[in-house]
Amino acid sequence: MTDPKPARQAFNIVAVVQAGRLQYEALLLAASLRATNPDFAGKLYLAEPQQGGAWPKSVGVSDAAVRAMLVELGAEFLPFEARHFGQSYPHGNKIEALTALPDQPFLFLDTDTLITGDFGSVVFDFTRPSASMRREGTWPSQELYGPDLTATWRALYDRFGLSFDDTIDPSQPENYWQRFMYFNAGWFFHASPKAFGQQFLDYALAIRDDRPEALICQEIYPWLDQIALPLVIHSFGGGRPGPTLAGLDGDVTCHYRTLPLLYARESDRVVEVLEHVAGQKELRRILRDHEPARLMIYQNRGKKVRALFDRNDLPRREQAIRFVLKREGLWLR
């Protein structure tokens, strides 16, 4: 007699959707979730900012065919009002959308994410939030006459009454960006979207409106969400992801950013999932209206991109990959 499968962890997934590029990315996200996790135990919520507040014009999904297909794929639209960021800082949607969710464990994903493996292989501790380590040293910058990186980050932790020293990675050199807890906000999770979302909002607004003196010379856009995120995670007792979460930056989810970047640097498995779901007749009919999908997937420009790079010897910085793509006329977003 075989042992029964362990019960799947129940949680919801949320992504932000708007008209334009994000709606097509949401189609690929929803289709890949269904293809790889047909017994997913939660719901896929697509948070949709409503007209009004910080969005003076409607940015919702107005294409009836896209909307219907997303619902058919199992997604549920979640309307929310952006009061603080909106048009001035669209990244803030991921902050303001959280409190509109049912107060159940959640995983936030950027829409430019593919699900490529089984969530059953990921072990979440939703009481200890974490986020993606697939990032570069984009913030803070070292100002010539300003505080160093250590002083900059310490000022933020002090601002919110949080301990700083126990967030340091001592294996990294002094004042090197990877010494500090810095995440990509492409995925993060917690047990309570309402508590996490309110803390995220409070911290982000405080950094925007009343930043510590050490940040006066720092540019906070477009990185405000990623500046606040480690502070929020630390405030709830979380930290860097451990090995049980490795799949979220590996075999289970892929935050690909753009389709040219996907073809340039991601694994054969990611390409396989992309082309499988995009090849479905109903999706192909809709996705052909999205230029990057039409050219990269259906007109095979992606294969040209793939031939330009050795996945075992990629440039260390994404900027170098983009340079090659632009030079070859293959950069699209």
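Leu308 counts as partly exposed, because its relative accessibility of 36% falls between the limits of 20% and 50%. The model in which this residue is described is a predicted one. Leu308 sits in the loop that runs between helix H11 (301-307) and H12. Leaving aside residues up to four places away in sequence, Leu308 is in contact with Val324, Glu328 and Leu330. One of these partners, Val324, is 16 residues apart from Leu308 along the chain, and the C-alpha atoms of the two are separated by 8.4 Å.

From this loop, attention can turn to the sheet. Six strands form an open sheet with mixed pairing, and their order is E3-E2-E1-E4-E7-E6. Strand E3 (75-80) and strand E6 (131-132) take the edge positions; each has a single partner strand, so one side of each is left without a neighbour in the sheet. Helix H6 packs on the sheet, where it touches E6 and E7, and the direction of H6 makes about 25° with that of E7.

A good strand to follow by eye is E1. Strands of a sheet pair through backbone hydrogen bonds, and the pairing may be parallel or antiparallel. Strand E1 (residues 12-16) pairs with E4 in the parallel sense, over 3 bridges. Within this pairing, Ile13 has Leu107 of E4 as its bridge partner. E1 also pairs with strand E2 (residues 44-49), again in the parallel sense, and here there are 4 bridges. The residue of E2 that serves as bridge partner to Val16 is Ala47.

How well is E1 covered by its surroundings? In a regular strand, side chains alternate between the two faces of the sheet. Both faces of E1 are covered: Asn12, Val14 and Val16 are buried on one side, and Ile13 and Ala15 are buried on the other. Because 5 of the 5 residues of E1 are buried, the strand is largely enclosed by the rest of the structure.

The empty spaces of the model come next. The largest pocket holds about 1,300 Å³ of space. It is lined by 41 residues, and those closest to its centre are Asn184, Gln226, His255, Arg257 and Glu318. Several elements each give two or more residues to this lining: helix H1 (21-36), helix H3 (93-96), strand E4 (106-109), strand E7 (184-190), helix H6 (224-235) and helix H12 (318-327). H12 gives the most, with 4 residues. By residue type, the lining of the largest pocket divides into 13 nonpolar, 12 polar and 16 charged residues.

A search of the whole structure for cavities of 30 Å³ or more finds 1. The largest cavity has a volume of about 90 Å³. Its lining is made up of Arg21, Tyr24, Glu25, Leu28, Tyr256, Arg257, Thr258, Leu259, His290, Pro292 and Arg333. H1 supplies the largest share of this lining, with 4 residues. The residues around the largest cavity comprise 5 nonpolar, 2 polar and 4 charged ones.

Arg257 deserves a second look. This residue is among those closest to the centre of the largest pocket, and Arg257 also lines the largest cavity. Arg257 lies in the loop between strand E8 (253-255) and helix H7 (259-265). Although Arg257 is not a glycine, its phi is positive, at about 75°. With a relative accessible area of 25%, Arg257 is partly exposed.

Asn175 is another residue other than glycine with a positive phi, in this case near 65°. Asn175 is placed in the loop between H4 and E7. Its relative accessibility is 26%, so Asn175 counts as partly exposed.

Backbone geometry also brings out two peptide bonds. Trp139 and Pro140 are joined by a cis peptide bond, with omega about -5°. Pro140 belongs to the loop between E6 and helix H4 (149-159). The peptide bond from Tyr221 to Pro222 is cis as well, and its omega is near 5°. Pro222 is located in the loop between helix H5 (193-209) and H6.

Terms used. Residues numbered from 1 in each chain as written. Predicted model: local features only at pLDDT ≥ 70, side-chain atom pairs only at ≥ 80, totals over all residues. Heavy atoms only, no water. 1 Å grid on protein atoms, 1.4 Å probe; cavity = no way out; pocket = protein on both sides within 12 Å on 5 of 7 lines; lining within 4 Å. Points joined across faces, edges and corners; volume = space filled by probe spheres on them. Nonpolar A, V, L, I, M, F, W, Y, C, P; charged D, E, K, R; others polar. Pairing = 2+ DSSP bridges. Contact = heavy atoms within 4.5 Å. Axes fitted to C-alpha atoms, helices over the stretch in contact; angles between N-to-C directions. Buried < 20%, exposed > 50% of the residue type's maximum accessible area, 1.4 Å probe, protein only.
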